[in-house]
Amino acid sequence: MWFRLMILAFVFNGLGDFGLRVLQEAGYASDYKSHYLLVWYLGGAIAVAAIALRIGGKITLVDLGIGLGLALCSVCGQMALGQALAQGIAGSVAYPVTKTGGVFLVAIVGAAIFRERVGPIGLAGILCGMTAVLLLSFE
Amino acid sequence: MTTGIVYLMLALFSFSLMGVLHKLGDRVRANPVWVAALTMGLACVIMAMWSATVAGFASVPRPVFWIALPFGLFAALAVWTFQGAVRHGRIATSWLLLNLSVAIPTGLSIGLYGESISRTKAAALALIMAAVILMWWDRTSEVPSNSRSDA
């Protein structure tokens, strides 16, 4: 189940990110990124809220708290990354730090707080993945 | 430059906290579909407030609107499926796999826009394939203790 859901998340997340490349190709990326993000969030919210109203049952305070936290982190992360680039931090530094640093931090928190142990094959996968993200970030 | 580093650390902390919040959401049994809807909806409200107050609201050009809408749907589906997936697996490997999805826009850019494939890019894509296979192997070779039976 984990792998099937993760492959779906992998594909959906990749497609979600591809929109910025389409925007860039259309010539709107430099001037309308915040407008794009606003509609991007809106489109996702409307579609998934429609599904949630049919199959999701009642909203709980837990859902609201986690959703609010994720929303704040998502917007804050996007804005802070944009500001870091605007302040002169090179993309070749900013992207590897946020991508691989984030994976590394989450792995540490997973082990320290959630007591998750990763086996040697999983560790090899993490190493391969972090190297790949580093290579793509420096491209 | 120092201000830039502060912003960079803020971005790093924010993105990392998202991974932690997803796992926390699983532990407190948050409903994945509502988490996705609320994440996107509340982020939209925050962006609208920011646009109206700080950036100064301007109308959204029609092409921007029609590009953003479907890709936002994909992003929301990603939040939903990911929140469902962390119930069955470790956050470290799940978060990495989600970040590896950068292979999709990279591959599509090569296929649709004719971007060149450098050696570095090809090596990175091969490593992503290897990482996905290793994580699948790791997952199938372990005792399913992380999976919750009520999921």
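Is A:R21 buried or exposed? A:R21 is buried, with a relative accessible area of 15%. That residue is a good way into this predicted model, in which 107 residues of chain B are in contact with 104 residues of chain A. Let's start with chain A, move to the place where the chains meet, and finish with a linked set of charged residues.

**Chain A at a glance**

- Chain A has five helices and zero strands, so its pattern, read along the sequence, is α-α-α-α-α, with helices and strands counted as DSSP runs.
- The C-alpha trace of chain A spans about 45 × 40 × 25 Å along its principal axes.
- Of the 139 residues in chain A, 47% are buried.
- Among the contacts in chain A with a separation of 6 or more, 55% are between residues 24 or more positions apart.

**Helix 1 of chain A**

- Helix 1 of chain A covers residues 2-26, which is 25 residues. At 1.5 Å a residue, these should span 36 Å, and the end C-alpha atoms are indeed 36 Å apart, so the two values agree.
- Just after this helix comes A:G27, which takes a positive phi of about 90°.

**A:R21 and its partners**

- A:R21 sits in helix 1 of chain A.
- Within its own chain, A:R21 forms a salt bridge with A:E25, at 2.8 Å from N to O.
- Why can these two be partners along one helix? A:E25 and A:R21 are four residues apart in helix 1 of chain A, which means that about one helical turn separates them.
- An α-helix has 3.6 residues a turn, so residues three or four places apart point the same way.
- The two differ in how covered they are: A:E25 counts as partly exposed, at 45% relative accessibility, whereas A:R21 counts as buried, at 15%, because the cut-off for buried is under 20%.
- A:R21 also reaches across to the other chain, where a polar contact of 3.5 Å joins its side chain to that of B:S109.
- Leaving aside neighbours within four places in sequence, A:R21 is in contact with B:S109, B:Y113 and B:E115.

**Where the two chains meet**

- How much area is buried between chain B and chain A? The value is about 9,700 Å², and carbon and sulfur atoms give 84% of it.
- B:W34, B:M47 and B:Y113 supply 8% of the area that chain B buries against chain A, more than any other three residues.
- The interface has 10 residue pairs in polar contact and one salt bridge.
- On chain B, helices 1, 2, 3, 4, 5 and 6 each supply at least two residues of the side that touches chain A. Helix 1 of chain B gives the largest share, with 22 residues.
- By class, that side of chain B has 75 nonpolar, 25 polar and seven charged residues.

**Two buried residues of chain B**

- B:N99 lies in helix 4 of chain B and is buried, with a relative accessible area of 12%. Not counting residues up to four places away in sequence, B:N99 touches A:K99 and A:V103.
- B:H22 is in helix 1 of chain B and is buried, with a relative accessible area of 4%.
- Not counting residues up to four places away in sequence, B:H22 touches A:L70 as well as B:V79, B:F82, B:Q83, B:V86 and B:W95.
- The C-alpha atoms of B:H22 and B:P32 are separated by 9.3 Å, and these residues are 10 apart along the chain.

**A network of salt bridges**

- A search of the whole structure finds four salt bridges over all chains.
- One of them joins the side chains of B:K23 and A:E116, at 3.3 Å from N to O.
- B:K23 also forms a salt bridge with B:D26, with the closest N and O atoms 3.7 Å apart. Both residues lie in helix 1 of chain B, three residues apart, or about one turn of the helix.
- B:D26 is buried at 3% relative accessible area, and B:K23 is buried at 4%.
- B:D26 meets B:R87 in another salt bridge, at 3.3 Å from N to O. B:R87 lies in the loop between helix 3 and helix 4 of chain B and B:D26 in helix 1, so the pair ties together parts that are 61 residues apart in sequence.
- Both B:R87 and B:D26 are buried.
- Through shared partners, salt bridges join A:E116, B:K23, B:D26 and B:R87 into one network.

Conventions:
Residues are numbered from 1 along each chain as its sequence is written. Chains are lettered from A and ligands numbered from 1 in the order in which they are written. This is a predicted model: local features need pLDDT of at least 70, side-chain atom pairs count only at pLDDT 80 or more; totals for chains, interfaces and linings use all residues. Side-chain values use heavy atoms; hydrogens and water are left out. Contact means heavy atoms within 4.5 Å. Buried area is the accessible area (1.4 Å probe) that two parts lose on being put together, summed over both. A polar contact is a pair of N or O atoms within 3.5 Å; within protein, one must be able to donate a hydrogen and the other to accept it, and residues adjacent in sequence count only if both atoms are side-chain atoms. Ala, Val, Leu, Ile, Met, Phe, Trp, Tyr, Cys and Pro count as nonpolar, Asp, Glu, Lys and Arg as charged, and the others, Gly among them, as polar. The expected span of a helix is 1.5 Å times one less than its number of residues. Buried means under 20% relative accessible area, exposed over 50%, partly exposed in between (1.4 Å probe, protein chains only).
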